Amino acid sequence: TLEQLRLIFEAKELIDQYCIEEFGSPAGFSDLKKVGLAYTTTENKIGLAYLDCEATSDVMGRFYSWEEAMTACPDGWRLPAESDFHKAAEVVTGKSLSLMEDWKDVNGAFMVYASFNGDQLWEYWPAVKVSNDSGFSALSFGWCNLGEKKFQGVTKSAAFWTADEVNTSQAVYRYMVVDKPYFYRGIGDKENFGASVRCIKIEE
């Protein structure tokens, strides 16, 4: 079977805690499913809200260190490996892609045009064909330097942790920027780099 990415959308809330559930057909991208959010429990509030303001969490989600990301998913779900993103990218584009490279002409299939407070989150650029064919619906909420609480790339980029480690201090994330046609591969500091989290259903 093929594990695919799907967006949580409910009552027009835009949340970074997304789910990827096992599904055997690309049509499964259209199915929506909401699960509990790890950060909503008082005893387990992990990750950093945008501008360190808790009121932004329901709209923008939270930014997690890699260690936090590894524990952020609810029971029965896990942080996706880079290979999970790779499978989904190959399915929606019909291309053969190298796992550990930047994927050209892929990011548009994972991006969605949306507005927040009247501002379009992904500005139009001819080089990027936004189609959201995957149903992943990535929103441009950027990333964060957790140590300095410095937020970057809002309205211009999006970043998502994978479960893949590079070494004891670094791990892999996937990211996209508004004016480039690539789904990039990045290496981030496990403690200081803050990215969004999506979860994949654990196979039984």
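## One disulfide and a run of antiparallel strands

Searching the whole structure turns up one disulfide. Keep in mind that this is a predicted model. The bond links Cys73 and Cys199, with an S to S distance of 2.2 Å. Its torsion about the S-S bond is about -95 degrees, so the disulfide of Cys73 and Cys199 is left-handed. Where do Cys73 and Cys199 lie? Cys73 sits in the loop between helix H2 (66–72) and strand E7 (77–78), while Cys199 belongs to strand E17 (residues 198–201), so the pair ties together parts that are 126 residues apart in sequence. Both ends count as buried: Cys73 has a relative accessible area of 14%, and Cys199 comes in at 0%.

**How far to trust the coordinates**

The average pLDDT of the chain is 76, and 76% of the residues score at least 70. Residues 1–43 are the stretch to watch, with pLDDT below 50 throughout; the model still gives this stretch 121 contacts beyond near neighbours in sequence. Where pLDDT is low, the predicted coordinates should not be read in detail.

**The chain overall**

Three helices and 17 strands make up the secondary structure of the chain. Of its 204 residues, 51% are buried. If you take the contacts in the chain with a separation of 6 or more, 56% of them are between residues 24 or more positions apart. About 9400 Å² of the chain is exposed, and carbon and sulfur atoms supply 49% of that area.

**Strand E14 and its two partners**

Now for strand E14, which covers residues 170–177. Is E14 largely enclosed or open? Seven of its eight residues are buried, so the rest of the structure largely encloses E14.

E14 has a partner before it in the chain and another after it. Strand E13 (residues 157–165) runs antiparallel to E14, and six bridges hold the two together. Glu165 has Ala171 in E14 as its bridge partner. The connection from E13 to E14 is a hairpin of four residues.

Strand E15 (residues 182–189) is also antiparallel to E14, again with six bridges. In this pairing Tyr173 stands opposite Gly186 in E15. A hairpin through four residues takes the chain from E14 to E15. As background, strands of a sheet pair through backbone hydrogen bonds, either parallel or antiparallel.

**A three-strand open sheet**

There's also an open sheet of three strands, ordered E12-E11-E16, with antiparallel pairing. Its edge strands are E12 (150–152) and E16 (193–194), each pairing on one side only. Three bridges connect strand E11 (residues 143–145) with E12. One residue to look at here is Cys144: its bridge partner in E12 is Phe151. Cys144 has 1% relative accessibility, which means that it counts as buried.

**Positive phi outside glycine**

Two residues are worth a look if you're checking backbone torsions. Ser137 has phi near 55 degrees, a positive value in a residue other than glycine. Lys149 also has a positive phi, of about 55 degrees, and is not a glycine. Which loops hold them? Ser137 is in the loop between strand E10 (119–120) and E11, and Lys149 is in the loop between E11 and E12. Their surroundings differ in cover: Ser137 counts as buried, whereas Lys149 is partly exposed.

**Val154**

Val154 is placed in the loop between E12 and E13. With a relative accessible area of 25%, Val154 is partly exposed; the cut-off for buried is under 20%. What does Val154 touch, leaving out residues up to four places away in sequence? The list is Tyr50, Met60, Ser140, Phe141 and Gly142. From Val154 to Val177 the C-alpha to C-alpha distance is 10.0 Å, and the two are 23 residues apart in sequence.

Here are the accessibilities of the single residues discussed above.

| Residue | Relative accessible area | Class |
|---|---|---|
| Cys73 | 14% | buried |
| Ser137 | 4% | buried |
| Cys144 | 1% | buried |
| Lys149 | 44% | partly exposed |
| Val154 | 25% | partly exposed |
| Cys199 | 0% | buried |

Technical notes
Residues numbered from 1 in each chain as written. Predicted model: local features only at pLDDT ≥ 70, side-chain atom pairs only at ≥ 80, totals over all residues. Heavy atoms only, no water. pLDDT = per-residue confidence, 0-100. Contact = heavy atoms within 4.5 Å. Buried < 20%, exposed > 50% of the residue type's maximum accessible area, 1.4 Å probe, protein only. Pairing = 2+ DSSP bridges. Disulfide = S-S within 2.5 Å. Areas by Shrake-Rupley, 256 points an atom, 1.4 Å probe, with all protein chains shown as cover.
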